[in-house]
Amino acid sequence: MELKKLFMAFFITTTVVTFVYPSFGQKNIDDEPLVNLGRDMDAVKAISPASQDYNLDLLENLPTKYKMYIGTCMNTMESDFRNCNADVIEEILTKKPVSRECCMKVVKAGKKCYMEIRKVMFQFYQLKRFASQVSFRTNEVWDRCSTEVESPSSSHY
């Protein structure tokens with residue numbers, strides 16, 4: 001009978017603690033990469049004719065003023081936008097930090113531009129499956145880059 005009471009007390013305590021502190025039994029998935037470098041990332045970057053059609057259709061259906069705004073944002077990030085953009089997406093998905101030079105371009109564009117570009121990019125066929133998971137990480141990259149750019153002694157490459 002004592003063993004039964006002990007078990008019930010343990011069970012009730014565990015249940016109460018789990019409801020009060022649900023994170024005790026959960027792994028922090030924000031620390032895990034969404035995609036591993038290498039083959040997984042190569043698969044994300046792959047473009048098929050169908051995905052290319054999807055992406056073009058997506059872009060064609062954006063409001064004209066919004067397309068112009070996004071274009072201006074990309075131009076603000078200068079001529080190396082494509083490489084820097086790919087690096088930023090890679091950091092969001094794999095947690096591999098972008099260079100300080102890329103961070104400088106991101107910060108130069110401004111947070112609103114940066115966030116809008118990310119919003120469009122994660123609507124693309126190859127990336128849309130991650131759209132619901134990247135909001136926090138998109139902000140993390142912005143925060144890291146803006147902090148790094150503001151700190152002249154930082155030399156992360």
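These legends go with a set of close-up views of a predicted model.

**View 1. The largest nonpolar core, with 28 residues.** Start here to get your bearings. Within this core, the residues with the most contacts are V88, I92, L93, V106, Y114, F122 and L127. Several helices chip in at least two residues each, namely α4 (64-76), α5 (81-94), α6 (100-109), α7 (111-121) and α8 (135-150). As background, nonpolar side chains in soluble globular proteins tend to be buried together.

**View 2. V106 and its contacts.** Here we zoom in on V106, one of the core residues with the most contacts. Skip its neighbours within four places in sequence, and V106 is in contact with M77, C84, V88, Y114 and W142. Two of these partners, V88 and Y114, also show up among the core residues with the most contacts.

**View 3. V141, a buried residue of α8.** V141 sits in helix α8. Its relative accessible area is 3%, so V141 counts as buried, the cut-off being under 20%. Not counting residues up to four places away in sequence, V141 touches V88, E91, I92 and Y114. Look for K95 in this view too: K95 and V141 are 46 residues apart along the chain, yet their C-alpha atoms are separated by 8.9 Å.

**View 4. T138, another resident of α8.** Buried or exposed, what is T138? With a relative accessible area of 5%, T138 is buried. Leave out residues up to four places away in sequence, and T138 touches I92, Y114, M115 and R118. I92 and Y114 should look familiar, as V141 touches them as well.

**View 5. R144 and E148, a salt bridge within α8.** The closest N and O atoms of this pair are 2.8 Å apart. R144 and E148 are 4 residues apart in helix α8, about one turn of the helix. R144 is partly exposed at 24% relative accessible area, while E148 is buried at 7%. There's a third player: salt bridges that share partners join E91, R144 and E148 into one network. E91 also turned up in View 3, where V141 touches it.

**View 6. E116 and K119, a salt bridge within α7.** The structure holds 6 salt bridges, and this one has its closest N and O atoms 3.3 Å apart. Both partners lie in helix α7, 3 residues apart, or about one turn of the helix. How accessible is each partner? E116 counts as buried at 15% relative accessibility, whereas K119 is partly exposed at 46%. In general, side chains of opposite charge can pair when their charged atoms come close.

**View 7. E90 and K96, joined by their side chains.** This salt bridge spans 3.4 Å from N to O. E90 has a relative accessible area of 9%, so E90 is buried. K96, at 43% relative accessibility, counts as partly exposed.

**View 8. S51, tucked into the α3 view.** Which helix holds S51? S51 lies in α3, which covers residues 49-60. S51 counts as buried because its relative accessibility is 1% and the cut-off is under 20%. Which residues does S51 meet, leaving aside its neighbours within four places in sequence? S51 is in contact with Y125 and Q126.

Key. Residues numbered from 1 in each chain as written. Predicted model: local features only at pLDDT ≥ 70, side-chain atom pairs only at ≥ 80, totals over all residues. Heavy atoms only, no water. Core = buried A, V, L, I, M, F, W, Y, C linked by side-chain atoms within 4.5 Å. Buried < 20%, exposed > 50% of the residue type's maximum accessible area, 1.4 Å probe, protein only. Contact = heavy atoms within 4.5 Å. Salt bridge = Lys/Arg side-chain N within 4 Å of Asp/Glu carboxyl O.
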